[in-house]
Amino acid sequence: MDVKTRFFKLLGADEKLFDFVQEEALDGLWFWDLENRNQLYISPKLLKILGYTIQPPGWENIIDREELEIALENHTSENAAPHSPLDQSLKLKAFDGAASELGCKTLIIFGKDRKPVGMLGAYNEIIKLAAKEKELFEAKEKAEKSEMRYRTLFENMNTGFVLFEVVKNRKDEPVDLLILAANKRFEETTGLNLRAAVGSHLSKALPGIENDEADWIGTYSRVAMTGKPIRYEQSSEFLGVHYSISAFPAEPGQCAVTFLDITERKQAEKLLAESEERLRLATEQSDVAVWEYDFVSHSITRSGNHDKLYGLEWQTKWDMNTFLEATHPEDRELSEQHIMGSVNPGGPDNYSFNFRVIYPDQTVRWLAANGKVIQRDEKGVGVRLRGTLADITEVKETELALRESELRFRMAIKHAPFPILIHAEDGQVIKVNSSWTRLTGYKERDIPTIARWTKKAYGTEKKTIKKYIEGLYTLNAPKAEGEYKIRTKSGEYRIWEFSSGPIGELPDGRRLVISMAMDVTERKKAELDLFDTSQLLKTSQEIAHLGSFEYKTADGSMVWSEEEYRIYGLDPASPAPDLSELLQKFIHPADRILFEKTFTTAMQNHEDFALEHRIIRPDNGIRWVYSKAHPTFKEQGILLAYVGATLDITERKQLQEDLEKLNAELEQKVKQRTLLLEASNKELEAFSYSVSHDLRAPLRHINGYVDLLNRRYYKDLPEKAQHYLQIISAASSKMGSLIDDLLEYSKTGRTEVRKAEIDLNVLLKEIKEELGIEEKKERVLWEVQKLPKVFGDASLLKLVWRNLLENALKYSGKKVISKISVSYVEEEEYFVFSIQDNGVGFDMKYAQKLFGVFQRLHSQADFEGTGIGLANVQRIIQKHSGRVWAEAEVGKGAVFHFSLPKHQKEIA
């Protein structure tokens, strides 16, 4: 009996079984014969639902035997009622191969001997479930499509997006952020690798971000914990990017953030602000003014330099009448016509014209006015104008000069020391200068066109070069074209470096280009020679045994060159010592502390390290070396390493010790000779002082007897004798002046410098009063700069200033107006003072004689003097640790300079 017949026989014999099928198997059933477990019956309705037309021979392809065994065991469990239906779930495989786990009721069928003879599975709402499953599938598919669209949008956003989850410590404090998700734009703007970053802590993905001024962890943790979204702009110094950021809470403990890179916008804003500021400064400080005029209120808004262009001080009121009054009378009518022609209805919005103005000092200047009507009323009348005003006086004055210079320009091109060729866009050669023809050997008639030139100069490359030249006619600015090899008429090859640029158009509209060349043949040869020399230098450095090393700050390790090993007496095959081992084993104990301190300080300050020190070799040999290293950094400014070199200077140190010993001996000899020189100088000064005093007695006798002769016998003496007496008196007076100056010079040499702070302005005022300069102000023009305070001897420096000012007055005294200026410049260690006059000057070839005793460059008849004053000036300035010098030109005046130390400690 087959399984189907057996099932229906049981169904007809058991009323309870029949009722169960009627109620529970509305959508199909299956029957498993437990007496012959290889047989299973599946109802046609269930087969149809699963897509079958007939029951296939292999029922296990629809219901797995193991599934049936489990369902049977469920009936025999302790909690199951043996004769009651049981809700279970079994997998059914449809005709298309899809497996679905469907719920059914199972029932054990017992025989007359109360033994199980079969198990029945009944399905009640499978069609509804299938429909629902289909509906769920369609909904899932729709959701997946929606998710795909969202994912595409998410990945292609122009803003970076990241989802963070707050990471807290045991105190419930935020300490980091976990990256849950991020898009490609976030990867691009931060430089992260998304695959590695997602699921990682932010501090691990971006090491150092916790120190960024943007405070990522703190800011986004607050948004996640408070639930308050924020929107702001922030610069990340760590990433070097400026962001527009929106942060908002997501799930509890999570924060979603969008990052829009606005770095370029910020830079553009900064550049715009700087540009506006430059424009403002440029208009205020240049000869261009901007203005805006309101015809309704007759008021004007203008830049600060507007009125100055008219030669006026700032005017509280400025309207059309003010403008016309400031305009040259001959230009008023035309100026008004230009302006009102634009203002009137139907007039052009833009106008421009040139006009003249007369300054209060009657100077005539040319101005260029450019205006535009920016607002008209309902009748079309211009009510607001805006424009610029520029001083074009120089332009007008140069128009004539430009016409004259055009000829000079043509001659300059023709005779320029470098090749020049002017050509038009149709290939016509307009002009070739003499340098071009001289260097190439081609006459101007030989190269009437670019095609002819390229054929002669470039040979087989002529087409390529000609095509390139044709591209030059579209240039808007000069262009450096690089180096090309050309062939001259003699067949010699030369290397020319070309540059070209547009120079306008011909009257017929053809564009013009000027091409200039520089013959760099010799330079290229020199470069090759230089390369050979550099190779030779490299070899020489290897021969010089200059060691090199690299100290890596990350782990303290060292990398040495072979020569470095040899200097330290080590085998190059052995590992280089680290810094600690270097200090303990190889740096001389006496230099160890200094080496460590110097190197540590250099690293802390990111400075160069340089030190001469001793090293101890493994064979206990001591060598002197000079070590120098330079720090290298990462992009973020983090110290990466020190790279340097070590030079063995043992022989040099030995020579230095010998030299120091020699210097010590020499210094002792110098001291001895200095003492002798000082004694000699003192004797010389004593002699000078004695001579000056001893000369005064006979000089007084001479003056006395001459005076007596003049009083008693002058009228009785012949005219010639009277003349002799005058000569004797004048010579005696000059001798007295010489003795006085000589005494002053001797006194200056003996005087000790008494240092104090001096206000040179007060000192200069005293000297001017003593010289009676105020009384001479009608013929003396003074220009005196405010002077600084200095340290020195007031009486000695007063003598310097008095002498130089007296000279300036004396040697410019023959001018109608004497011009004397006093100024100074400040250098790093000195003030340099200058006294300039417009006097007779002197020939600079005699300048070395100026500061010698009794040295004069002008005759006594022209200018009185003893020739000691400037020698005294030099001595005083030298005692103040300065120097004095002069510059002059015959007939144009002289300027005397002297320097004084800026600080007291530098004065001797």
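Let me start with one residue pair: Glu292 stands opposite Arg386 in β15. That pair belongs to an antiparallel pairing between β11, residues 288-294, and β15, residues 382-391. Seven bridges hold the register there. Keep in mind that this is a predicted model.

Now the sheet around that pair. It is open, with five strands. The order runs β12-β11-β15-β14-β13, and the pairing is antiparallel. Which strands stand at the edges? They are β12, at 299-302, and β13, at 350-358. Each has a single partner strand, so one side of each is left without a neighbour in the sheet. From one strand to the next, the twist averages 25 degrees.

Two helices go with this sheet. Helix α12, residues 332-343, packs on it and touches β13, β14 and β15. The direction of α12 makes about 155 degrees with that of β13. Helix α13, residues 393-414, lies across β13, β14 and β15. It runs at about 120 degrees to β14.

On to another sheet. This one is also open, again with five strands and antiparallel pairing. Its order is β22-β21-β25-β24-β23. At the edges are β22, 558-560, and β23, 609-616, each pairing on one side only. Neighbouring strands are turned by 25 degrees against each other on average, direction ignored.

Look inside that sheet. β24, residues 622-633, pairs with β25, residues 639-648, in the antiparallel sense over nine bridges. Pro631 stands opposite Tyr642 in β25.

Helices here too. α19, residues 579-586, lies across β21, β22 and β23, at about 50 degrees to β23. α20, residues 589-605, lies across β21, β23 and β25. Its angle to β23 is about 155 degrees.

Next, a helix pair. α23, residues 760-771, packs against α24, residues 794-811. The angle is about 50 degrees, and the axes are 10 Å apart. The two helices are therefore oblique to each other. Their crossing is right-handed. Who makes the contact? From α23, the residues include Leu760, Leu763, Leu764 and Ile767. From α24, they include Leu797, Trp801, Leu805 and Leu809. Charged names appear as well, among them Glu766 of α23 and Arg802 of α24.

Last, the whole chain. It has 25 helices and 32 strands. Of its 908 residues, 36% count as buried. Take the contacts between residues at least 6 apart in sequence: 52% join residues at least 24 apart. The chain exposes about 55600 Å², with carbon and sulfur atoms supplying 53% of that area.

Notes: Residues numbered from 1 in each chain as written. Predicted model: local features only at pLDDT ≥ 70, side-chain atom pairs only at ≥ 80, totals over all residues. Heavy atoms only, no water. Helix = DSSP H or I, 4+ residues; strand = E, 2+ residues; numbered from the N terminus. Buried < 20%, exposed > 50% of the residue type's maximum accessible area, 1.4 Å probe, protein only. Contact = heavy atoms within 4.5 Å. Areas by Shrake-Rupley, 256 points an atom, 1.4 Å probe, with all protein chains shown as cover. Pairing = 2+ DSSP bridges. Axes fitted to C-alpha atoms, helices over the stretch in contact; angles between N-to-C directions. Parallel < 35°, antiparallel > 145°, perpendicular 65-115°, else oblique. Left-handed = near helix turned anticlockwise from the far one by under 90°.
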